[in-house]
Number of protein chains: 2
Amino acid sequence: MKQKLNIIKIGGNVIDNPRALTQFLKDFSALADAKALIHGGGKIATKIAVKLDVETKMVEGRRITDLPMLEVVTMVYGGLVNKQIVAQLQALDCNAIGLTGADAGVILAKKRPVREIDYGYVGDVEKVNDAIIKNFIDNRLTPVFAPLTFDKEGNILNTNADTQASSVAVAMANHFDVNLIYCFEKKGVLSDPEDNDSVIPTLTPVSYTNYKANGTINAGMIPKLDNAFAALQKGVSKVIICHADELQQAVAQGQSGTQIIL
Amino acid sequence: MKQKLNIIKIGGNVIDNPRALTQFLKDFSALADAKALIHGGGKIATKIAVKLDVETKMVEGRRITDLPMLEVVTMVYGGLVNKQIVAQLQALDCNAIGLTGADAGVILAKKRPVREIDYGYVGDVEKVNDAIIKNFIDNRLTPVFAPLTFDKEGNILNTNADTQASSVAVAMANHFDVNLIYCFEKKGVLSDPEDNDSVIPTLTPVSYTNYKANGTINAGMIPKLDNAFAALQKGVSKVIICHADELQQAVAQGQSGTQIIL
């Protein structure tokens, strides 16, 4: 039987709330099994970009990472956010190691090709070095990934944290019994966006298709859920989407949030 | 016989000059033996602090790291500078891993006690975790240290890169035959500060005392040289101070820069 590994992604809303983040990190550090964290960026990058006169460029509603913005996200995600999380986890006796994809070459990406839109320095994950991540975990380290990768041509690349989390989970499923848990500011996937208690307990491919067809599940959730189903198809044992406050219940009993099943 | 390990520190002047940095990283990546890099901060932190309206506070000529300045150096040293170096080294087939002291708990420090001056979030190195750094090196990783440590109470601490380099070198001397090489913008310790070719080829405790007494060696070099002698006394094999352009000659033959000997 493979060793358990919990791979947990926290969204920007948790990062932006120091009290929520501290509580989350306490709960995370208390998880008994091997674990890894992937954090989003939060609004602080946008705030710092404004102060540095770096314009947030949007094309057709999509955010563009030009060179000045890449420098901001490298600073903020790879430096400020990542190292503050690592320092807090160390204080909680969790031996965290902060990583961008470039560090030890853990997550290689490809700069997104320019088609209708030039996204700039945005990377799509190509290859996760599961052997070196396993080595870290075997040495009782807890990887903490910033949403940044690299292209082996000298560039850091801005990368979506949700897809990075599922890519890491799929790669680690070669070695571990992997649970992938997306923590955010809601209690799970909701059947009524206005009612935070209307959590859909389980989501199958069939019910997912229905919820999409009737508009219950909206655009924001779709990439996350597509990632979730893809991860299960590629060997991840369990995918849960839950509130950051309910991490421990979600891990322990699978009784919180929305569980995605095939 | 112990395996060789070159521990190289580059100063801020090299960091601030992209062309010099790129050339230095090429030379560094080409070194055959195991190696580690410790980088200073450079002026970019000061520039970004100005843009972010973070005041650079000085007390009696010493720089103070208050909380806003700590956030700036965490971003810039731990994020921007460290990750750009790591990405460049990866492109040069050097499997770099960027680390602050907090990552994997590699360098624990103590917040400097408040006496005449409150330096703020400044750390003095307490303990280097040589076992985990050795593990990284045994796995053919090249550690790249930002001048940041941690206190195990949740804080990142700003730390002098020169002393961090000597602390790491001393700790690694438990396992390796360590060369410690300080690279900066001059050709070595100069007997005439106006003449960049007046390199003192070797410096012993006796000649160091004489040079200090007659004012040849000035205040800026003294902490670096005190660190150098201390490192030799604590088991480091060789200490060299040289120009960043002459790294390869310094490592290969010890024929560049100033060699510090006991």
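**Notebook: the interface of chain A and chain B**

I began with the contacts between the two chains: 39 residues of chain A are in contact with 39 residues of chain B. I note at the outset that the model is predicted.

I then looked up the buried area. Chain A and chain B bury about 3000 Å² between them, and 66% of that area lies on carbon and sulfur atoms. On the side of chain A, I asked which three residues supply more of the area buried against chain B than any other three. They are M75(A), K83(A) and K152(A), with 19% of the area that chain A buries.

**Polar and charged pairs**

My next entry concerns polar contacts. Across the interface of chain A and chain B, I recorded 14 residue pairs in polar contact, with both residues at pLDDT 80 or more.

I also wished to know which elements of chain A give two or more residues to the side that touches chain B. I listed helix 3 (44-51), helix 4 (67-91), strand 5 (96-99) and helix 5 (130-138). Helix 4 of chain A gives the most, with 14 residues. Sorted by class, the side of chain A that touches chain B holds 18 nonpolar, 14 polar and 7 charged residues.

For salt bridges, I found a count of 4 between chain A and chain B. I looked up the pair of K83(B) and D103(A): their side chains meet in a salt bridge at 3.0 Å, N to O. I add as background that side chains of opposite charge can pair when their charged atoms come close.

**Salt bridges over all chains**

I extended the search and obtained 16 salt bridges over all chains. Within chain A, I examined D162(A), which forms a salt bridge with K9(A); the closest N and O atoms are 2.9 Å apart. Where do D162(A) and K9(A) lie in chain A? I placed D162(A) in helix 6 (residues 161-172) and K9(A) in strand 1 (residues 3-10). The pair links distant parts of the chain, 153 residues apart.

**Chain A as a whole**

I counted 9 helices and 14 strands in chain A. From the UniProt record, an unreviewed entry, I took the annotation "domain: Aspartate/glutamate/uridylate kinase", which covers residues 5-242 of chain A. Over residues 5-242, I noted 38% helix and 25% strand, with the end C-alpha atoms 17 Å apart.

Finally, I checked the overall dimensions. The C-alpha trace of chain A spans about 45 × 45 × 35 Å along its principal axes. Chain A has a radius of gyration of 18 Å, which agrees with a compact globule, because a globule of 262 residues would have a value near 18 Å.

Conventions
Residues are numbered from 1 along each chain as its sequence is written. Chains are lettered from A and ligands numbered from 1 in the order in which they are written. This is a predicted model: local features need pLDDT of at least 70, side-chain atom pairs count only at pLDDT 80 or more; totals for chains, interfaces and linings use all residues. Side-chain values use heavy atoms; hydrogens and water are left out. Contact means heavy atoms within 4.5 Å. Buried area is the accessible area (1.4 Å probe) that two parts lose on being put together, summed over both. A polar contact is a pair of N or O atoms within 3.5 Å; within protein, one must be able to donate a hydrogen and the other to accept it, and residues adjacent in sequence count only if both atoms are side-chain atoms. Helices (H or I, at least four residues) and strands (E, at least two) are DSSP runs, numbered from the N terminus. Ala, Val, Leu, Ile, Met, Phe, Trp, Tyr, Cys and Pro count as nonpolar, Asp, Glu, Lys and Arg as charged, and the others, Gly among them, as polar. UniProt positions are given in the numbering used here, feature names are shortened, and annotations may be inferred rather than shown by experiment. The radius of gyration is taken over C-alpha atoms; the globule rule is 2.2 Å times the number of residues to the power 0.38.
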